[in-house]
Amino acid sequence: MSKDKSIDTVLGVFEPRHRELLSLALGADDSIREIRIRKEKPIVLVSARSTYFLHASGQLSCAPQAAVVTSSAQVESIFARLCHYSVYSYQQSLNACFLTLQNGSRVGVAAEAVLQKGEVAALKGITALNFRIVRPVQTAAREVLEKMREAGLPSTVIVGAPCSGKTTLLRDMCRLLSSGYAGEYRTCCLIDERGELAAVHNGVAAFDVGINTDVLSYFPKAVGILNALRTLSPDWIIADEIGSVEECRSIVQGLNSGVKFLVSLHAATLAQARQKEQFCLLAESGDFGAVVCLGSGERLGKVTDFLHL
């Protein structure tokens, strides 16, 4: 998907005046990665370098004075367009506080939870929306795969802070593994729980994830992994943001079946990762052979460490 089309998809849910101003702002700083709108608050744009406020001229400022404010009605209108005026159709992802656009951009949703038997059954009172902008990024996918190949292409964990490029790296590595890397077309299965890795729409992926890749969209990762094992005969399973022990157990079951895994985990450093039960379970399986650490800020998407487990 082209950069312009990707941004147009995001801006398309805004009213014309905001769309025009945001287009100017995004053109002024191509490192902007988030647009945050809140009821009766200034529009905030977050880049790799700074946090900005959007002014009526379309200029970016580090001060909130005279910044463009989104009204409650405007936020409600944008939310309705995001859901195509059918909140019920998006209830599952909304209960996890996100929506995914057709271009793979994720929209975080802040709201009040409606609980039933201790579980989130619905949301009400939307207060804020956080748009993550999909930007073309030069990844270290080939560099990482070369290091993995030297180690025998083991199952690998990618560790990084939020917005460090984990998703983009996973997607690019999947593409290469699936499309003849080192002379072999490996069967890959992408578990795209939030619809942002492949961004499948009407059965077609918006991103290039490889010519020998199958995508399971919106399945909970633990369920998707087991379904892939039972029905799709993958060589590799790729999943983003491993967050539960249940997911780790599904991965271990797959490892015992001879499948290799490429997964990511939220942690700013390897030391932080080692404190997480999920990382420990994967490391203790004995089948994960490597961990890749990504930087953030000015080292966004850069490999800061490659270690053997």
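Analyst: Two strands pair if DSSP finds at least two bridges between them, and the strands themselves (E, at least two residues), like the helices (H or I, at least four), are DSSP runs numbered from the N terminus. A quick heads-up: this is a predicted model, where local features need pLDDT of at least 70 and side-chain atom pairs count only at pLDDT 80 or more, while totals for chains, interfaces and linings use all residues. Residues are numbered from 1 along each chain as its sequence is written, and side-chain values use heavy atoms, leaving out hydrogens and water.

User: Okay, what is the order of the strands in the sheet that contains β14 and β18?

Analyst: That open sheet has seven strands, running β14-β11-β15-β16-β10-β17-β18, and its pairing is mixed.

User: What makes β14 and β18 the edge strands?

Analyst: β14 (213-217) and β18 (303-308) each pair on one side only. From one strand to the next, the twist averages 15 degrees; that angle, like the others here, runs from 0 to 180 degrees between N-to-C directions, using axes fitted to C-alpha atoms (for helices, over the stretch in contact).

User: How do you know that β11 and β15 pair?

Analyst: Strand β11 (residues 188-192) and strand β15 (residues 236-239) share four bridges in the parallel sense, and the cut-off is at least two, so they count as paired. As one example, Cys188 has Trp236 of β15 as its bridge partner.

User: Which strands of that sheet does α5 touch?

Analyst: α5 packs on the sheet against β10, β15, β17 and β18, and its direction makes about 15 degrees with that of β18. Touching here means contact, that is, heavy atoms within 4.5 Å.

User: What does α5 do with α6?

Analyst: Helix α5 (residues 141-150) packs with helix α6 (residues 166-178) at about 65 degrees, their axes 9 Å apart. The α5 side of the contact is Ala141, Arg142, Val144, Leu145 and Met148, and the α6 side is Leu169, Asp172, Met173, Leu176 and Leu177.

User: How many of those contact residues are nonpolar, polar or charged?

Analyst: Eight are nonpolar, none is polar and two are charged. The sorting goes like this: Ala, Val, Leu, Ile, Met, Phe, Trp, Tyr, Cys and Pro are nonpolar, Asp, Glu, Lys and Arg are charged, and the others, Gly among them, are polar. Arg142 and Asp172 are both in the contact, so they go in the charged group.

User: Why are Glu247, Cys248, Ser250, Ile251, Gly254 and Leu255 said to be on the same side of α8?

Analyst: In helix α8 (residues 245-255) these six are buried, and they cover an arc of only 160 degrees around the axis, which puts them on the same side. The arc is that of the directions from the helix axis to the C-beta atoms. The face turned away from them carries the exposed Glu246 and Arg249.

User: What do the buried residues of α8 pack against?

Analyst: They pack against β10 (155-160), α7 (221-231), β16 (260-266), α10 (277-284) and β17 (288-294). α8 lies across β10, β16 and β17, at about 160 degrees to β16.

User: Why is Asn202 called exposed, and what about Ala182?

Analyst: Buried is under 20% relative accessible area, exposed is over 50% and partly exposed is in between (1.4 Å probe, protein chains only). Asn202 is at 70%, so it counts as exposed, while Ala182, at 48%, is partly exposed. Asn202 sits in the loop between β12 (200-201) and β13 (204-205), and Ala182 in the loop between α6 and β11. Phi is near 55 degrees for Asn202, a positive value in a residue other than glycine, and Ala182 also has phi near 55 degrees.

User: What is the pairing in the sheet that runs from β5 to β7?

Analyst: It's antiparallel: the seven strands of this open sheet come in the order β5-β4-β3-β1-β9-β8-β7. β5 (60-61) and β7 (98-100) are the edge strands.

User: What makes β8 and β9 a pair?

Analyst: Nine bridges join them, running antiparallel, and Val107 has Phe131 of β9 as its bridge partner. They also form a hairpin with two residues between them, and Lys117 in the turn has a positive phi of about 55 degrees.

User: Which helix lies across β9?

Analyst: Helix α3 (residues 72-82) lies across β1, β7, β8 and β9 (119-132), at about 105 degrees to β9. Helix α2 (residues 16-28) lies across β1 (32-38), β3 (44-47), β4 (51-54) and β5, at about 150 degrees to β1.
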